[in-house]
Amino acid sequence: MKAIKTLCTVLFGGFLFTVVAYWFNLDTKLVKMIEKPMMSHYDNMKRDHRL
């Protein structure tokens, strides 16, 4: 019974996390935060051919 209660608590916590992330648009904010360092990294990479 304790395992079922723990599983339900974990599932509800995961669901709550996804609802909060959707509500506050946290996934897009995280991507925006790491976009600039990633773009500068890829801009500085050596290319095999020109586009």
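How many salt bridges does the structure hold? The predicted model holds 1 salt bridge. The pair is Lys32 and Glu35, whose closest N and O atoms are 3.6 Å apart. That distance counts because the cut-off for a salt bridge is 4 Å. Both residues lie in helix H2, 3 residues apart, or about one turn of the helix. In an α-helix there are 3.6 residues a turn, so residues three or four places apart point the same way. The two partners fall into separate accessibility classes. Lys32 is exposed, because its relative accessible area is 58% and the class begins over 50%. Glu35 has a relative accessible area of 38% and is therefore partly exposed.

The overall fold was examined next. The secondary structure of the chain comes to 2 helices and 0 strands. Helix H1 covers residues 2-23, and helix H2 covers residues 26-43. The C-alpha atoms fill a box of roughly 60 × 25 × 15 Å along the principal axes. The radius of gyration is 20 Å. A compact globule of 51 residues would have a value near 10 Å. Burial is scarce in this chain: buried residues make up 2% of the 51 residues. The chain exposes about 5600 Å². Carbon and sulfur atoms supply 71% of that area.

Helix H1 has 22 residues. At 1.5 Å a residue, H1 should span 32 Å. Its end C-alpha atoms are 31 Å apart, which agrees with the expected span. H1 is hardly covered, with a count of 1 buried residue among its 22. Just after H1 comes Asn25, with a positive phi of about 60 degrees. Asn25 takes this positive phi although it is not a glycine. The residue sits in the loop between H1 and H2. Its relative accessible area is 39%, so Asn25 is classed as partly exposed.

Helix H2 has 18 residues, for which a span of 26 Å is expected at 1.5 Å a residue. The end C-alpha atoms of H2 are 26 Å apart, in agreement with that value. The helix nevertheless bends by about 40 degrees at Glu35. A proline, Pro37, follows within four residues of the bend. Glu35 thus appears in two features of H2: the bend and the salt bridge with Lys32. Where does Glu35 stand relative to Leu11? The two residues are 24 apart along the chain, and their C-alpha atoms are separated by 31 Å.

The nonpolar surface was also considered. A nonpolar surface patch of about 590 Å² is made by Leu30, Met33, Ile34, Met38, Tyr42 and Met45. Leu30, one of these residues, lies in H2. Is Leu30 buried, exposed or partly exposed? Leu30 counts as partly exposed, because its relative accessibility is 47% and the class runs from 20% to 50%. Leu30 also passes the patch criterion, because that requires over 30% relative accessible area.

In summary, the model has 2 helices and 0 strands, with 2% of its residues buried. Helix H2 holds the bend at Glu35 and both partners of the salt bridge. Asn25, with its positive phi, lies in the loop between the helices H1 and H2.

Key:
Residues numbered from 1 in each chain as written. Predicted model: local features only at pLDDT ≥ 70, side-chain atom pairs only at ≥ 80, totals over all residues. Heavy atoms only, no water. Patch = residues over 30% accessible without salt bridge, like charges linked within 9 Å, V, L, I, M, F, W, Y side chains within 5 Å. Areas by Shrake-Rupley, 256 points an atom, 1.4 Å probe, with all protein chains shown as cover. Salt bridge = Lys/Arg side-chain N within 4 Å of Asp/Glu carboxyl O. Buried < 20%, exposed > 50% of the residue type's maximum accessible area, 1.4 Å probe, protein only. Expected span 1.5 Å × (residues − 1). Bend = angle between axes of the 7 residues up to and from the residue. Rg over C-alpha atoms; globule rule 2.2 N^0.38 Å.
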